[in-house]
Amino acid sequence: MSNPDFFCPGKGRLGAIFGNINRNRTALGFSIVNDLVFTFSRDADPKDLKQRILERVKKLNIEKITPREEHFSYKYMQIQLDSFKIYIPTLIIIMGLLSLTTTFIIYNRFIISQRKEIGTLLCLGHSKREVIKSYVYAAMLLGSLSSVLGLAISLLTRNSFASTQAKSLDLPVLYTNIYFISLLKGALFGITITVIAPLLLLPRLLRLSPHEIIRETVKQGTLQNTIILPFFRRLSFLSSEVRYAMRNIIRHKWLSISTITCIGLSLGISISYIITTTSIKKTVVERAKNEQWDLAVDFFYPMYIDELRPVNETPGVTHCEPYIRKSAEVMWLNRCKDSRVLGVNPESAMRRVSLRDGVWLREARGREIILNQDIADALGVGVNEEVKLKVNQKYFPLKVVGISSDYLLGQSVIPLATAQEIFECSDEATGVFLATAPRTSSAAIKSALQQFDFVGRVTDKMSNNKEALDILTELMGTVYLSAIFSIIISLIYIYTNVNLTIFERKAEFAILRSLGYGKKSIRKIILSQVLISGFFGGIVCIPVAVVTSKILNQQLSKAWYQVQNHYALFDFAGFILLAMIFMPLVALPAIKFIQNFDIGEILYQRNIE
């Protein structure tokens, strides 16, 4: 059976039996109910109508009032949708920045490769404005074609994300819509990305004279003379192919930097998604370890604490800590929010919450309260502010000493003695946290506890955490899909950059082949260059992954609870190693081209230039 107080519903754990309420009257001779459900008209003021209803039923002993927005099933559904709403824009921004950066780098390389053509056009009398316009028009055409392709892919992506989200929510039917405004925004975004590059890059190049543009010279700076050349002399033990590959990387430094940057960015974004999933799972596990209770026992009705000795004496139970859990309204200024109030012993470590701000409860009888972040954000209240708890039309002022970030949404924590006073449960408790002996069967203890007629529900912490991880695993389907798409994009970027790098140096490879270098040596040079670039790209991807994962975790924390940043060595090393294995494979088309091209034609073109 699921426990709504812990907000982790296991699939198949919740059932509802519907019956005819009139049968109660037939059996008892009168009608008896324990819940009232109200439907408001559209023009009604919910706040005013709620107060009028409470005025009419003030003689009844009301346990709690639950607005539809705070109902367990509604709230659970809304949290998932809100997390999706918060998380997806972050993914769009990250992928957009990646696309912008990579497009900028690739376009920069394209313009550099077109230097001679640009300089020739200027020599023939074409104005700089005409040159810029020609490249902008070409970029707009490419952007338009890319947007058309992207729109087609987006429909497949939409279905994948929607199916994953529907599965996590266990929705039986899924309807998808096409929003033309969103599609138009995406198309314009793609065109804008491709147009920005020439507008930023060409003016800088066109500041040079046509002669300087055509006759690009490679300058050998102090760094190369004082550091790089002595460094190469120490690498004489390496084969000539490997040293030549390293020379190429250093000689064409901007080309190499762009390649390494593209590899680092694409790998870093992919790894960040893996880090996010690891962080979420480890956050849940670590919080479970920090709490010392093993079983939470809820009673059908409040029990006097001195009557709980049989519970404490149950075989396998080592410690018993009473608590009070009841509903109330938290009020600040003219705002109010329904909350489940948990009264605990401040000196006990059986149940502690993770604090986003402030401190833990300090006094056993202090008028202090810790609000969960969803309540604090809804009310706009912070630490050291004074709020009021509304219980049975009575108001109790309490000082906010902390803001928690717990997976139990809508929860407020106050000292047990204060809760007993507020809820008029002197020396009573509505439940207990139990610690059990190691290697003790929780099922056996639960069975023994359920023999007491006052025990209503027993929640196992281990089972609860497993359900939480199962829910998070399904919810993280969106992140997994993002990681898959990011990996695909990474492979495309790596393939494009690696092959561009090799094709741009075909003249050098033609000279090497004319000097007697065989296919095996050429292949070794190319593979060495690719792997060295991949190695440095792997180094660059580490800070990219760390920063991006922090942003993703921060956004996820806004949707539910605070996600701590956790970094596992395998998340980095495993993915980088996998990329290093695939990189030689994506270089095979360029290797095949270099090994089979016509040397005479390439050298002839070089002489003309």
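A salt bridge is a side-chain nitrogen of Lys or Arg lying within 4 Å of a carboxyl oxygen of Asp or Glu. The structure described here is a predicted model, in which local features need pLDDT of at least 70, side-chain atom pairs count only at pLDDT 80 or more, and totals for chains, interfaces and linings use all residues. Residues are numbered from 1 along each chain as its sequence is written, and side-chain values use heavy atoms, with hydrogens and water left out.

The structure contains nine salt bridges, and the table lists some of them.

| Pair | Closest N to O |
|---|---|
| Asp48 and Arg52 | 3.6 Å |
| Glu368 and Arg362 | 3.0 Å |
| Arg367 and Glu421 | 2.6 Å |

In the pair of Glu368 and Arg362, Glu368 is buried (under 20% relative accessible area, with a 1.4 Å probe and protein chains only), at a value of 7%, whereas Arg362 is exposed (over 50%), at 52%.

Arg367 belongs to the loop between β4 (355-358) and β5 (368-372), while Glu421 sits in helix α13 (residues 416-422), so their salt bridge ties together parts that are 54 residues apart in sequence. Helices (H or I, at least four residues) and strands (E, at least two) are DSSP runs, numbered from the N terminus. Arg367 is partly exposed (the range between buried and exposed), with a relative accessible area of 34%, and Glu421 is also partly exposed, at 45%. Elsewhere, salt bridges that share partners join Lys50, Glu329, Asp338 and Lys390 into one network.

Asp48 and Arg52 stand four residues apart in helix α2 (residues 46-56), and are therefore separated by about one helical turn.
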